[in-house]
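Colleague: I should like to learn how to read the features of a protein model. May we begin with its strands and sheets?

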Amino acid sequence: MDSKYIAGMQPVFALSRRDHISARLANGQPVVSAELAAEFSVSEDAVRRDLRALAEEGRCRRVYGGALPPVSKPHSMAARLSVATVEKSNLARLAAGTVQEGEYLFLDSGSTNLAIVQYLPEDKNITVATNSIHIAAEVFSRGDLPLMMVGGDVSAGVGGCVDAAAVALVEGLNIDRCFIGACAISPSSGLSVHDFADSIFKRTLIRRSSISVVMVTIDKLHDRAPHVIATGSEIDILIVGNEFSPTDRDALVTAGYSLMKNSDRPVVSR
């Protein structure tokens with residue numbers, strides 16, 4: 001019988017078993033069919049039926065041998081500003097520490113990049129360019145940093161300008177260091193975003209920059225968005241926080257990323 005007695009000696013039948021599996025996926029955990037079959041004392045065919053049902057409900061993405069959590073839905077820039085503020089602040093402090101004397105910086109639209117502004121040094125003769133209305137307002141309010149705003153049609157989801165006019169303007173810039181925003185990161189599929197125009201803009205930005213830096217919060221790990229912007233070898237520095245386990249960091253290093261964690265120098269340099 002497709003059941004197993006667990007805590008409280010209550011039988012776990014198909015629907016209850018699916019709820020257990022769904023809860024793990026909702027917490028961002030991938031699942032393996034063979035492991036689930038052993039855990040619940042059922043056949044792998046039974047587990048595959050569970051995963052097929054969950055996939056039809058949009059609660060997982062089926063892959064060979066198991067399933068992954070569903071792709072996160074994009075949130076507006078305004079909604080992202082109040083999420084994981086402490087984690088973003090810690091990452092931003094590290095990111096600002098990489099800035100060198102006289103650099104021309106580009107802060108790509110993103111709530112984590114917005115947090116960098118407060119940590120940028122006053123005494124290094126730097127200039128800031130951005131396509132983000134929120135970042136531009138924050139830099140402008142400081143009053144001590146030269147600012148260049150990339151204009152065009154403002155995307156509400158992105159929180160900035162990523163249309164053809166914005167891309168054309170960036171094509172004419174020589175950028176020393178850019179800070180790229182990303183919606184998702186995976187060792188296997190790279191950095192990705194939800195908006196197609198945004199992906200074109202970011203790839204252009206990376207190409208026009210001498211150094212590219214990306215900060216990622218733990219909620220973006222093992223997620224995947226439709227449009228790839230870069231792989232590990234195309235990004236110079238990836239900044240992660242203490243929330244990333246050693247296993248997570250090792251997987252990213254193996255995928256070609258140069259990591260920075262809790263210091264001002266890369267853990268791995270190319």
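Modeller: Strand β4 (residues 104-107) and strand β9 (residues 175-180) pair in the parallel sense, over three bridges. Helices (H or I, at least four residues) and strands (E, at least two) are DSSP runs, numbered from the N terminus. Two strands pair if DSSP finds at least two bridges between them. One bridge joins F106 to its partner C178 in β9.

Colleague: On what basis are such statements made?

Modeller: The model is predicted: local features need pLDDT of at least 70, side-chain atom pairs count only at pLDDT 80 or more, and totals for chains, interfaces and linings use all residues. Residues are numbered from 1 along each chain as its sequence is written, and side-chain values use heavy atoms, with hydrogens and water left out.

Colleague: In what order do the strands of the sheet with β4 and β9 stand?

Modeller: The order is β6-β5-β4-β9-β12-β14-β15, an open sheet of seven strands with parallel pairing. At its edges stand β6 (147-149) and β15 (259-260); each has a single partner strand, so one side of each lacks a neighbour in the sheet. Helix α7 packs on this sheet and touches β4, β5 and β6, where contact means heavy atoms within 4.5 Å. The direction of α7 makes about 160° with that of β6. Axes are lines fitted to C-alpha atoms, for helices over the stretch in contact, and angles run from 0 to 180 degrees between N-to-C directions.

Colleague: Which strands form the open sheet with antiparallel pairing?

Modeller: Three strands form it, in the order β10-β11-β13. Its edge strands, β10 (184-186) and β13 (227-230), each pair on one side only. From one strand to the next, the twist averages 35°. Strand β11 (residues 190-193) and β13 are joined in the antiparallel sense by three bridges, and V193 has H227 in β13 as its bridge partner. Helix α9 (residues 196-207) lies across β11 and β13, running at about 10° to β13.

Colleague: Which residues make the nonpolar surface patch?

Modeller: Patches are made of residues with over 30% relative accessible area and no salt bridge (a side-chain nitrogen of Lys or Arg within 4 Å of a carboxyl oxygen of Asp or Glu). Like charges are joined within 9 Å, nonpolar side chains (Val, Leu, Ile, Met, Phe, Trp, Tyr) within 5 Å. Accessible areas come from the Shrake-Rupley method with a 1.4 Å probe; for residues, only the protein chains shown count as cover. Here I133, M149 and V154 make a nonpolar patch of about 240 Å². I133 belongs to helix α7 (residues 133-142).

Colleague: Why does I133 count as partly exposed?

Modeller: Buried means under 20% relative accessible area, exposed over 50%, and partly exposed in between (1.4 Å probe, protein chains only). I133 counts as partly exposed because its relative accessibility is 40%.

Colleague: How should one read a phi angle?

Modeller: Most residues other than glycine have a negative phi. S41, although not a glycine, has a positive phi of about 55°. S41 is found in the loop between α2 (33-40) and α3 (44-56), and is partly exposed at 49% relative accessible area. N125 likewise is not a glycine and has a positive phi of about 55°. N125 lies in the loop between α6 (111-116) and β5 (127-130), and counts as exposed at 61% relative accessibility.

Colleague: What does K124 touch?

Modeller: Leaving aside residues up to four places away in sequence, K124 touches V99, Q100, E101 and G102. K124 and V99 are 25 residues apart in sequence, and 8.5 Å apart in space, C-alpha to C-alpha.
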